[in-house]
Amino acid sequence: MIRIAPSLLAADFGHLAQQIAEAEQGGADWIHIDVMDGRFVPNITFGPALVRSVRKYTKLPLDVHLMVEDADNFISPFCAAGADIITVHQESCLHLYRTIQAIKESGSKAGVALNPATPVDTLKNIIKEIDLVLIMTVEPGFGAQQFIRNSLQKIQEMREMINFSKKEIFLEIDGGVDRDTAADVINAGANVLVAGTSIFKADSIQAAISSLRTASTK
């Protein structure tokens, strides 16, 4: 099953509740929330208060992507705010195993994200501990970037590692996902698509999700 996770980074915050409702009506499976601290990436975005507010608007799983340094300090507040999945970056976690365990103990599923230049082998000794792998197909920190085509090989390698682990692990893709790239990443092995600009900047959020889902089945 392919899951679509609209990213609130591209949403209109003057009409956030309405846009989340439209995404849900359009068949969104998760809501993706990018948290940036201005240190690990240049931008600053959302805190636990935003997640707590979004939790009131929808029953869909909240997929919180921490693009932050000192990720351990963020886990408990975001879990308490309603995050169902918390994903940290391999590049920012000195003691990744301990961070993953802390996420699980807080009650959320644990994900690990890899930047475009980070090889999948960095997760081979910890793969059975995690619930989700997020492959960044653009550099983290900004929306509306162009999809990095070399990422397709990396997605395939990650799918092979997941299959070898014999554990059910979501393989999520974030960056430049639209109707032109959806089929490629699905064919490479992804089963969760994060899309921001291609959904929230479209004339119709519901139609955009439908178009993305159709493209992913080709």
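This text leads through a predicted model, beginning with its sheet and ending with a helix pair and a few loop residues.

The sheet is a good place to begin, since many of the later details refer back to its strands. Eight strands form an open sheet, and they lie in the order E1-E8-E7-E6-E5-E4-E3-E2, with parallel pairing. At the edges stand strand E1 (3-6) and strand E2 (31-36), each of which pairs on one side only. Direction ignored, neighbouring strands of this sheet are turned against each other by 25 degrees on average. In general, the strands of a sheet pair through backbone hydrogen bonds, and the pairing can be either parallel or antiparallel.

Within this order, strand E4 (residues 85-89) deserves a closer look. Five of the five residues of E4 are buried, so the strand is largely enclosed by the rest of the structure. The side chains can be followed in two groups: Ile 85, Thr 87 and His 89 point one way from E4, while Ile 86 and Val 88 point the other way, and all of them are buried. On one side, E4 pairs with strand E3 (residues 62-67) in the parallel sense over three bridges, and in this pairing Val 64 stands opposite Ile 86 in E4. E4 is also joined to strand E5 (residues 109-114), which runs parallel to it, and here there are five bridges. The bridge partner of His 89 in E5 is Ala 113.

How the chain passes from one of these strands to the next can be described with the helices that lie between them. E3, helix H3 (residues 72-81) and E4 make a right-handed β-α-β unit, and E4, helix H4 (residues 96-106) and E5 likewise make a right-handed β-α-β unit. The loop between E3 and H3 is the place of Asp 70, a residue that has a positive phi of about 55 degrees although it is not a glycine. Asp 70 counts as partly exposed, because its relative accessibility is 40%.

Moving along the sheet from E5, the reader comes to strand E6 (residues 132-136), which is mostly covered, with five of its five residues buried. Both faces of E6 are covered: Leu 132, Leu 134 and Met 136 lie on one side and Val 133 and Ile 135 on the other, and all are buried. E5 and E6 pair in the parallel sense over four bridges, and Ala 113, already met as the partner of His 89, has Leu 134 as its bridge partner in E6. E6 and E7 also pair in the parallel sense, over five bridges, and the bridge partner of Val 133 in E7 is Leu 171. Strand E7 (residues 170-174) is in turn joined by three bridges to strand E8 (residues 192-195), and these two strands run parallel. The bridge partner of Asp 174 in E8 is Val 194.

Ahead of E7 in the chain is another residue with a positive phi. Lys 166, which is not a glycine, has a positive phi of about 60 degrees, and its place is in the loop between helix H5 (151-165) and E7. Lys 166 has a relative accessibility of 78% and therefore counts as exposed.

Away from the strands, two helices can be considered together. Helix H1 (residues 16-25) and helix H8 (residues 205-216) pack at an angle of about 35 degrees, with their axes 8 Å apart, and their crossing is right-handed. In this contact, Gln 19, Glu 22, Ala 23 and Gln 25 in H1 meet Ile 205, Gln 206 and Ile 209 in H8. By class, the contact of H1 with H8 has three nonpolar, three polar and one charged residues.

Ala 28, finally, links this helix pair with other parts of the model. The place of Ala 28 is in the loop between H1 and E2, and it counts as buried because its relative accessibility is 6%. Not counting residues up to four places away in sequence, Ala 28 touches Ile 4, Pro 6, Ala 23, Leu 60 and Ile 209, and among these Ala 23 and Ile 209 also take part in the contact of H1 with H8. The C-alpha atoms of Ala 28 and Arg 213 are separated by 9.5 Å, although the two residues are 185 residues apart along the chain.

Definitions and conventions. Residues numbered from 1 in each chain as written. Predicted model: local features only at pLDDT ≥ 70, side-chain atom pairs only at ≥ 80, totals over all residues. Heavy atoms only, no water. Axes fitted to C-alpha atoms, helices over the stretch in contact; angles between N-to-C directions. Left-handed = near helix turned anticlockwise from the far one by under 90°. Contact = heavy atoms within 4.5 Å. Nonpolar A, V, L, I, M, F, W, Y, C, P; charged D, E, K, R; others polar. Pairing = 2+ DSSP bridges. Buried < 20%, exposed > 50% of the residue type's maximum accessible area, 1.4 Å probe, protein only. Right-handed = clockwise from strand over helix to strand, strands pointing away.
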